[in-house]
Amino acid sequence: MSPKGKGARTIGFFLTMIGASAFLDHLPASIAGVVTAAGVLLWWRGLTALSARAA
Amino acid sequence: MVLAGIALPTAISLRSYFQRAVPDGSIEGSALLGRGLRGWYFEQLAPIEDWCVARGIAPATLTLSQLPGALLAGTAYACGLLSVGGWLVLALGSLDIIDGRLARRTTGGTPQGAFLDSVVDRYADTLCLSGLAIHYRHSWLLGVVLLALLGSSMVSYTRARAEALGVECRAGLFQRPERTVLLGLGSVVAVLAHHLQQRAGDPGHHPILLLVLVTLAIGTNVSAWQRFRQADAALSGGPR
């Protein structure tokens, strides 16, 4: 497993969860959306880096 | 959709837990957070440690960065953003793990760093629980939160005071990692359960968070008492 991918995955996971939780907590959708999108991008980047390394 | 968005990344991330390697012997476990779970989580955080080492980030910088993070978590709790507050608490707990491990890797862990870490941890605990106290200021739960705050401080104080007197004092289930996981995860699960019950507009208490806070209030004070008894026995020359 690529260490870089794992790091991005972990940080991305937390950002995604904070963003998604912001939706649940009824924060403005613009704030929650930006945080979630940044988290998902980072998390996805981490996952694809791991998959590429595994392949 | 949001619930699915939370469940999917969580399920994918937890998948690696079941494929984890056997933790090395240096990892200490506890009754609530075992060695396997800790070892797996440390493995997830290791790349971030590597990144910090490569960029020359000092452990003290990470330690101090917990202060604004805790202020943010406390503010989120105070504003009623319980789920966001919970995730921030969990992220701060991770940062606390990273700074400790980074310190051991780079400087070997200095007394100055350990002192700074302890002080910042107390501030972080107080800021997070104070946010909850503000949130529950008109409810009887304020008393429960204040008890949890008192217990959290006393768990740390009894150990610090005992160690200053030369006594090893590690008794008690509710040490800082356990408290962080319980509060963070409890807040998150409470809000999720609340939404699953489709009571989003209900201004009442979240029953799971209520349970978590009562557990924290009782557990931390029991842990502080156990530490007091342990230190007292050691100082008096044997168990009573």
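## Overall architecture of chain B

From the N terminus on, the elements of chain B follow the order α-α-α-α-α-α-α-α, and the tally for this predicted model is accordingly eight helices and zero strands in chain B. Of the 240 residues in chain B, 42% are buried. Where contacts in chain B join residues at least 6 apart in sequence, 71% of them link residues at least 24 apart.

## Helix α6 and its surroundings

Helix α6 of chain B covers residues 141–164, and because each residue should add 1.5 Å, its 24 residues are expected to span 34 Å, which agrees with the 34 Å that separates its end C-alpha atoms. After α6(B) comes Gly166(B), a residue whose phi is positive, near 85°.

The buried residues of this helix are Leu141(B), Val144(B), Val145(B), Ala148(B), Leu149(B), Gly151(B), Ser152(B), Val155(B), Ser156(B), Thr158(B) and Ala162(B). An α-helix has 3.6 residues a turn, so residues three or four places apart point the same way. The partners against which the buried residues of α6(B) pack are three helices of chain B, namely α5 (111–135), α7 (176–196) and α8 (207–235).

## A buried threonine in helix α3

Thr63(B) belongs to helix α3 of chain B, which is made up of residues 59–78. With a relative accessible area of 4%, Thr63(B) falls under the 20% cut-off and therefore counts as buried. When residues up to four places away in sequence are left aside, Thr63(B) touches Asp99(B), Leu116(B), Asp117(B) and Val120(B).

## The contact between chain B and chain A

The contact draws 29 residues from chain B and 21 residues from chain A. About 2,100 Å² of area is buried between the two chains, and carbon and sulfur atoms give 75% of that area. Between chain B and chain A there are zero salt bridges, while seven residue pairs are in polar contact, with both residues at pLDDT 80 or more.

On the side of chain B that touches chain A, at least two residues are supplied by each of the helices α1 (2–15), α2 (35–54), α4 (82–106) and α7. The residues of that side comprise 19 nonpolar, eight polar and two charged. Helix α7 of chain B thus appears in two settings, since the buried residues of α6(B) pack against α7 and α7 also supplies at least two residues to the side that touches chain A.

How values were computed. Residues are numbered from 1 along each chain as its sequence is written. Chains are lettered from A and ligands numbered from 1 in the order in which they are written. This is a predicted model: local features need pLDDT of at least 70, side-chain atom pairs count only at pLDDT 80 or more; totals for chains, interfaces and linings use all residues. Side-chain values use heavy atoms; hydrogens and water are left out. Helices (H or I, at least four residues) and strands (E, at least two) are DSSP runs, numbered from the N terminus. The expected span of a helix is 1.5 Å times one less than its number of residues. Buried means under 20% relative accessible area, exposed over 50%, partly exposed in between (1.4 Å probe, protein chains only). Contact means heavy atoms within 4.5 Å. Buried area is the accessible area (1.4 Å probe) that two parts lose on being put together, summed over both. A salt bridge is a side-chain nitrogen of Lys or Arg within 4 Å of a carboxyl oxygen of Asp or Glu. A polar contact is a pair of N or O atoms within 3.5 Å; within protein, one must be able to donate a hydrogen and the other to accept it, and residues adjacent in sequence count only if both atoms are side-chain atoms. Ala, Val, Leu, Ile, Met, Phe, Trp, Tyr, Cys and Pro count as nonpolar, Asp, Glu, Lys and Arg as charged, and the others, Gly among them, as polar.
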